[in-house]
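Subject: Structure handover

Hi,

Here is the structure I said I would pass on to you. Have a look at it first, and then read on for my notes.

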Amino acid sequence: MNLFCVLLYIYFLIITVLYQHVNGSLNDNLLNFTLITYDENYELTGRHEYTYNYTTHLFNEFNQMKELQNIKSSILCNSQDIDKNEDEKKTILFWNTYFTNNLFNSSAIYYSAFCEWANEQRNKGNLFCLRIDTVTWVENVNDIICKDETTPCPDLIILGTTQFSYRYNNGETLDLTKYFRKYFKKTGNSVDSLINKNSFYDYHIGNDWLAVPLITDFRNFRFNISTFDYCIRQGFDLHYPPPLSDYWGINYKETWTWEKVFEYAKLITNCTGLPGFRLYDNNDYEDLKFFTTLCQSLDIPFIIDDIDLDIKKCGFRKKEYIQKLSIFKELFENHYIEKWLYEDDIIEWQNKPYPSNIEEQPIFKIHYTGVYDNDTYINGMIYDVPIDKEYPDIKYSYMPGYSTFLGGSGLIITKATKYPDQLFEYIENLINQDYPYFSELNAFKTPFENVDGKRCSKIKISKKDNCISLLNLNGTYPYYYSYNNNLNIIYISHISKESNRGIFLNTKSNLNSGLYNNIFQNVEFECDNEADYTKKTITYSSEYRIEVPINENEIIILKAMTDIAVNKQTNEAICSIFDDTLQIAKPYQFPYSTFSGLSKFESKAPISLLFAHLYYKYNETERTFEENINECCDIIDYELLPDCSDKKDIKFNLSSCIEHSNIMEISYLNCRKENNDINFENYVQCTYIPLYNIRGIIMLCIGSFSIIIEISFMVFIYLNRTKKCILRGGLIFLICLVVSSTILGISSLFRVGKIKSFKCVLEFWTMIIGITGNISCYSIKSKIIISIFNNKDLIKINYKYKSFLEHIFIGILQLVLLTFWTLTQNGVEMKKKYLKNKSIYYEYQQCSMGNEYIFSLIFFVDYILLLLSIYVAYQGRNIPDEFNESKKVFISSLISFGMLILCHISKVTDFEKLEVYVIITVIIVIATLAINVTFISSLIFSIFHVEPARSSVLVISKQNVINDLGMKDSIN
């Protein structure tokens with residue numbers, strides 16, 4: 001039995017050892033990762049083995065991994081997956097950006113966060129590897145992605161805050177709103193409540209979240225304390241910036257201003273002979289960040305929203321704003337600021353003719369010096385970035401004024417990815433406060449308000465605890481403070497208050513003079529998170545400082561003198577300054593959400609050009625400050641315009657008609673048309689036939705020529721009215737024909753030039769009177785010819801007057817209809833015409849059709865009249881040659897039918913091209929002239945004996961009429 005128990009024990013022992021061995025091997029497999037790296041030519045540079053640590057959540061070799069350099073592309077897989085075929089694993093492509101010295105810092109962090117996520121996915125049956133390609137800050141936003149197999153297709157991209165909207169508006173990135181909601185349900189924290197209050201504007205458009213905030217970027221202020229000490233000893237009126245000096249008082253934002261900074265820059269320049277101010281020069285667009293900070297501190301809007309056009313525009317164009325901005329003129333013109341631009345570009349600009357348009361304006365780049373390795377790189381003061389390196393003489397201070405620049409970087413998920421849900425889980429690991437990745441990515445402050453970067457995360461202590469720490473030693477100690485611009489000293493006692501610490505202000509002490517009795521009272525205070533006179537509480541302000549209330553409305557900052565000999569600025573003090581700085585930090589576009597024009601406007605560098613005008617000057621006849629500001633605003637306005645292809649509600653203006661070219665130029669007001677974009681026109685055709693255009697000239701010439709010919713015909717008929725050939729042709733017919741044709745020719749003249757109400761009315765009246773007159777003439781002549789031929793009795797027929805009465809009645813009817821039409825129409829009405837892009841249109845004037853029923857009835861009368869004329873003329877088709885004018889009438893009626901159709905079409909149809917109207921008018925005028933020539937030319941030939949006149953019989957009813965018309969011989 002005992003032996004059995006022993007054997008059973010040994011069996012279970014072996015099983016346990018084997019299980020632990022297998023499990024341990026499995027866990028080891030999950031901890032081992034392999035990184036393969038490639039250089040910029042995508043040639044293999046190394047194969048590295050790393051072990052992931054589930055305790056630190058980093059690789060054991062994390063520090064060595066961060067030091068890898070000059071890596072263009074790299075792939076990390078679990079070691080057991082690294083050599084598997086691509087169809088056996090899934091590779092995520094991550095576009096990261098270049099950071100300082102091309103080190104692997106951020107990529108090492110992203111790879112560390114990948115390991116735990118990859119193992120979680122492995123448990124779900126997914127084998128993932130992560131490939132990180134390093135791209136530039138231009139490529140990450142502008143390169144074409146995911147179009148076809150020849151273009152790269154990243155799953156994740158790091159973008160700057162000014163770049164999110166560009167990719168998003170191109171339809172390349174996901175709206176992360178649904179994932180943020182899932183994150184809220186999962187953690188109980190909403191992203192918008194976590195991020196810094198003003199970062200919201202960078203990551204949000206409308207109701208859409210564009211990216212997950214990962215890295216915060218802001219500007220701070222530093223100064224060289226040794227330079228200040230030297231200049232103070234030289235007699236210059238300088239004081240350390242707050243919080244290193246109490247000179248500025250508790251409301252330092254009102255006293256430590258940019259005006260004071262520029263004044264100090266001048267003093268330091270005069271003191272040292274070197275510029276007293278500088279911009280951080282290892283990033284692009286630092287002058288832009290500085291300028292926006294200045295604008296916001298001076299209550300000047302940098303960007304404004306044009307509500308009418310729905311676009312963003314330059315906000316500092318007003319004269320009052322230009323006056324405020326003039327405070328920095330002296331800084332640049334007198335070179336109190338160090339050079340910061342690449343000067344070869346400046347010289348090239350100065351040696352060329354001045355640009356004639358915005359496209360030709362130069363783009364100046366920051367001249368990278370890279371000199372950040374000792375205390376001397378800052379002579380006086382600097383608008384700077386937080387640097388994770390200490391220099392004994394370089395001190396951080398509060399920002400001047402009420403604002404500073406806020407930016408950063410975030411992670412977007414592309415629409416083309418196959419794994420959006422899994423990738424957001426990976427991003428959740430990156431921002432998980434239980435893991436070190438978020439803090440590792442940010443040296444001092446993260447985009448989340450309550451999450452500090454790696455240098456500040458270990459020192460988050462309440463103001464009360466800091467106060468207790470500062471007062472931890474019992475005794476009486478000297479403190480100094482500034483009051484009414486005087487520096488004073490007071491001795492206060494550190495005391496215990498049960499479990500708390502506090503102070504006792506003994507104004508009767510021999511150490512304190514009677515002067516202080518007017519300010520302080522004999523009272524005890526204890527530490528708390530805020531200073532309150534009623535509650536008798538004090539609080540910690542900053543390094544070696546406490547806030548002490550002296551009444552219900554005033555607080556004085558007391559600074560312990562024990563720090564006077566201490567030159568080191570503690571990490572705690574720096575983080576406190578950054579807390580204060582982030583509270584006032586704002587993005588470029590504040591108070592608006594990000595938009596696509598930011599990236600383009602930023603790259604155009606308009607502020608660099610503005611400052612270059614002041615610092616270098618284009619030439620000796622440099623323009624005024626106001627002119628330079630307006631030029632800068634013009635560039636900003638132009639660059640902020642979205643592409644028309646991206647704009648939904650496009651607004652534009654049309655120029656007046658440029659008559660010689662027959663076009664109206666299009667000025668797009670709220671978008672910018674790219675030169676190669678064929679979907680948006682640069683101009684449209686004029687909406688009327690211009691007077692000084694070839695089309696208008698042709699119409700005027702032909703119309704005037706026809707009128708002159710018709711008048712000539714009229715003169716000819718009048719002068720030869722007694723000639724037999726004229727009488728045989730029918731004097732009244734000829735006069736009626738010429739007059740009506742002249743009126744029809746006059747109507748063509750009203751089509752030329754700007755459209756006006758009276759012209760529209762006269763054009764329609766003359767057209768209808770002319771065409772109706774023509775038709776009536778043919779009809780009367782045709783009926784009389786046929787009646788004479790059919791009756792053979794010229795004496796007993798009174799057909800002429802019967803026909804006259806019918807057509808006089810029709811003429812009166814048309815005049816009545818025209819009168820009613822005139823009274824019921826507006827002369828001119830507005831029409832819409834759409835451009836190539838069918839979503840936009842413009843309005844133009846067109847002659848009104850008036851009452852459509854009356855309008856149609858007028859043409860209906862003429863159509864019936866013409867049909868009757870054609871029918872009557874057709875009845876005379878068999879009349880012998882001596883009655884041949886009936887055939888002319890028949891042909892003329894057919895031609896008139898075509899003319900009437902053209903007149904009708906021209907009035908009811910809105911042709912795209914004005915040439916159609918010109919052609920129609922020319923056809924009508926020429927056809928009318930041709931008809932008249934047909935009837936009159938034979939008479940002219942007869943009179944001038946060119947050709948004998950053929951016999952015709954026209955208007956006969958009584959003998960006296962025959963005698964009057966001189967046709968008796970012909971009849972006999």
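Below is what turned up, going from the whole chain down to single side chains.

First, a caveat: this is a predicted model. The protein chain has 32 helices and 30 strands. Of its 972 residues, 52% are buried. If you take the contacts with a separation of 6 or more, 70% of them are between residues 24 or more positions apart.

**The barrel**

There is a closed barrel in here, made of 7 strands. Going round, the order is β18-β19-β20-β21-β22-β23-β24, and the pairing is mixed. From one strand to the next, the twist averages 40°.

To walk through part of it, start at strand β19 (residues 486–497). It runs antiparallel to strand β20 (residues 500–505), and 5 bridges join the two. Within this pair, H494 sits opposite I503 of β20. The next step, from β20 to β21, is antiparallel as well, with 4 bridges. I503 turns up here too, this time standing opposite F525 in β21. So if you want a place to begin looking, try I503: H494 is opposite I503 in one pairing, and F525 is opposite I503 in the other. Moving on, β21 and β22 pair in the parallel sense over 2 bridges, and E526 faces T537 of β22 there.

A helix goes with this part of the barrel. Helix α18 (residues 463–470) lies across β19, β20, β21 (523–527), β22 (537–540) and β23 (545–549). Its direction is at about 90° to β22.

**The open sheet**

Elsewhere you will find an open sheet of 4 strands, in the order β12-β15-β11-β16 and again with mixed pairing. β12 (277–279) and β16 (394–397) are the edge strands, each pairing on one side only. Direction ignored, neighbouring strands of this sheet are turned by 25° against each other on average.

Inside the sheet, strand β11 (residues 220–224) and strand β15 (residues 381–384) are antiparallel partners with 4 bridges. R222 has I382 of β15 as its bridge partner. Here too there is a helix to look at: helix α12 (residues 286–297) lies across β12 and β15, at about 100° to β15.

**A helix pair**

Next, have a look at helix α20 (residues 597–604) and helix α22 (residues 625–640). They pack at an angle of about 145°, and their axes are 8 Å apart. The crossing is right-handed. On the α20 side the contact is made by G597, K600, F601 and K604, and on the α22 side by I635, I636, E639 and L640. By type, the residues of this contact divide into 4 nonpolar, 1 polar and 3 charged.

**Salt bridges**

How many salt bridges does a search of the whole structure find? The count is 36. As a reminder, side chains of opposite charge can pair when their charged atoms come close. Here are a few to check:

- D133 and R131 meet through their side chains at 2.8 Å, N to O. D133 is buried, because its relative accessible area of 5% is under the 20% cut-off. R131, at 27%, is partly exposed.
- E348 and K352 form another salt bridge, at 3.1 Å from N to O. Both ends are partly exposed: E348 has 43% relative accessibility, and K352 has a relative accessible area of 46%.
- R623 pairs with E631, and the closest N and O atoms are 2.6 Å apart. R623 is partly exposed at 32% relative accessibility, whereas E631 is buried at 8%.

There is also a network of salt bridges, which links D217, R219, E286 and K289.

Which of the residues in the pair of R623 and E631 is buried, and which is partly exposed? E631 is the buried one, because 8% falls under 20%. R623 counts as partly exposed because its 32% lies between the 20% and 50% limits.

That is what I have for now. Shout if anything is unclear.

Cheers

Key
Residues are numbered from 1 along each chain as its sequence is written. This is a predicted model: local features need pLDDT of at least 70, side-chain atom pairs count only at pLDDT 80 or more; totals for chains, interfaces and linings use all residues. Side-chain values use heavy atoms; hydrogens and water are left out. Two strands pair if DSSP finds at least two bridges between them. Axes are lines fitted to C-alpha atoms, for helices over the stretch in contact, and angles run from 0 to 180 degrees between N-to-C directions. Contact means heavy atoms within 4.5 Å. A crossing is left-handed if the near helix is turned anticlockwise from the far one by less than a right angle, and right-handed if clockwise. Ala, Val, Leu, Ile, Met, Phe, Trp, Tyr, Cys and Pro count as nonpolar, Asp, Glu, Lys and Arg as charged, and the others, Gly among them, as polar. A salt bridge is a side-chain nitrogen of Lys or Arg within 4 Å of a carboxyl oxygen of Asp or Glu. Buried means under 20% relative accessible area, exposed over 50%, partly exposed in between (1.4 Å probe, protein chains only).
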